[in-house]
Every structure is written in C-alpha cells, then in structure tokens.
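Subject: Structure handover and notes

Dear colleague,

I am passing on the structure we spoke about, together with notes on what turned up when I went through it. Please have the sequence open beside the model as you read.

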Amino acid sequence: MAENFESLECWQRCNELKMFLKENVLRKLPASERYDLYSQILRASRSSTANIAEGWGSYHFKDNIKFLVNARGSVAQILDHTIEAESWNYITKETLIEIRCQTTRYMQVINGYIRYLRKSNE
C-alpha cells in the first residue's frame, strides 16, 4: 500500500493534468465561460485527484475502487469539456491532442491501479 495518496502514480498523473489544464486551457477561456465551461473543467480536474485521495483513505478496497472509477469518469469529463473548448476555438487542436493523449494514458494508469487492488484482495 502506498504511504500516502500523493505517492500514487494515478494521483500524480491526474495532478499533472490539472496543472496542464490551468496553464493551457482555463487561462484561455473567455470571461463569458467563467461560470460554465471554466467551472466544469476546473471541477472535473479537482474531482479526479480528490476521488483518488478519498479512495486511498477509505477503509475497504471495494470503496477505493469505487472512488477510482469516479476519478476515471472525471478524467473522461475533462476530455469531453476540452473537445467542446476546441470546437468553440478556445483552445488549439494541438492542445486538444495533448489532452487526449494525457487523458487516455491517465485512465490506463487508473485502470491498472484498479486491477492491482482487485488482484491483491481476491
């Protein structure tokens, strides 16, 4: 078991994604999107790391997996919201390609941790 949630690779990767979004997406959204798309992306990025942390702190591995599934869903939401941002020309196609690569890799990392937990507790 990891010493703390910050040492989990899935948390580290989702935190990297959160920082990437802050620098490369959120700052580029127009003020008119402040309470809509901006808020959605910010909440999904925060939710991804928060769910991993909450799962790590849970009592039972099944609870941990439930929170990891929620984190994976938040990462998928990030991709959906950034697809919308690109379609409105708020971000470049290149930024979306990078986000698509990151979200795919990070969901795979979360899936790997879920598999590890399931195998460890059979």
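A disulfide is taken here as a pair of cysteine sulfur atoms within 2.5 Å. Please keep in mind that this is a predicted model, and that by this cut-off the structure holds 0 disulfides. C10 takes part in none, since the nearest cysteine sulfur, which belongs to C14, is 6.6 Å away; C10 is also buried, with a relative accessible area of 3%. For C101 the closest cysteine sulfur is again that of C14, but at 15 Å, which is too far for a bond. Unlike C10, which is buried, C101 is partly exposed, with a relative accessible area of 36%.

As to the overall fold, the protein has 4 helices and 0 strands, and along the sequence these give the pattern α-α-α-α. The radius of gyration is 15 Å, close to the 14 Å that the globule rule gives for 122 residues, so the protein is as compact as a globular protein of that length. Along the principal axes, its C-alpha atoms fill a box of roughly 50 × 25 × 20 Å. Buried residues make up 39% of the 122 residues, and of the contacts with a separation of 6 or more, 71% are between residues 24 or more positions apart.

Helix α4 deserves a paragraph of its own. It has 28 residues and reaches 41 Å from its first C-alpha to its last, close to the 40 Å expected at 1.5 Å a residue. Its buried residues include T95, L96, I99, Q102 and T103, and further along Y106, I110, Y113, I114 and L117; what covers the buried residues of α4 includes α1, α2 and α3. One contact to α4 that you may wish to look at involves E86, which lies in helix α3 (residues 61-87) and counts as buried at 16% relative accessibility. Leaving aside its neighbours within four places in sequence, E86 is in contact with I91, T92, K93 and L96.

Turning to the aromatic residues, a search of the whole structure finds 3 aromatic pairs. F5 and W56 form one that is edge-to-face, with 6.3 Å centre to centre and 65 degrees between the planes. Because F5 lies in the segment before α1 (9-24) and W56 in helix α2 (residues 37-56), this pair ties together parts that are 51 residues apart in sequence. F5 is partly exposed, with a relative accessible area of 26%, and W56 likewise counts as partly exposed, at 24%. Y113 and Y116 form a stacked pair, 6.1 Å centre to centre with 15 degrees between the planes; being 3 residues apart in helix α4 (residues 93-120), they are separated by about one helical turn. Of these two tyrosines, Y113 is buried, with a relative accessible area of 11%, whereas Y116 counts as partly exposed at 46%. Ring pairs also link F5, W11 and W56 into a cluster.

Finally, there are two places where a charge and a ring come together. R34 lies over the face of Y38, at 4.2 Å from the ring centre, and the charged end of K66 sits over the ring of F67, 4.6 Å from its centre.

With best wishes

Key:
Residues are numbered from 1 along each chain as its sequence is written. This is a predicted model: local features need pLDDT of at least 70, side-chain atom pairs count only at pLDDT 80 or more; totals for chains, interfaces and linings use all residues. Side-chain values use heavy atoms; hydrogens and water are left out. Helices (H or I, at least four residues) and strands (E, at least two) are DSSP runs, numbered from the N terminus. Buried means under 20% relative accessible area, exposed over 50%, partly exposed in between (1.4 Å probe, protein chains only). Contact means heavy atoms within 4.5 Å. Rings of Phe, Tyr and Trp (its six-membered ring) pair if their centres lie within 6.5 Å; planes under 30 degrees apart count as stacked, over 60 as edge-to-face and the rest as tilted. A charge sits over a ring if NZ of Lys or CZ of Arg is within 6 Å of the ring centre and within 35 degrees of the ring normal. The expected span of a helix is 1.5 Å times one less than its number of residues. The radius of gyration is taken over C-alpha atoms; the globule rule is 2.2 Å times the number of residues to the power 0.38.
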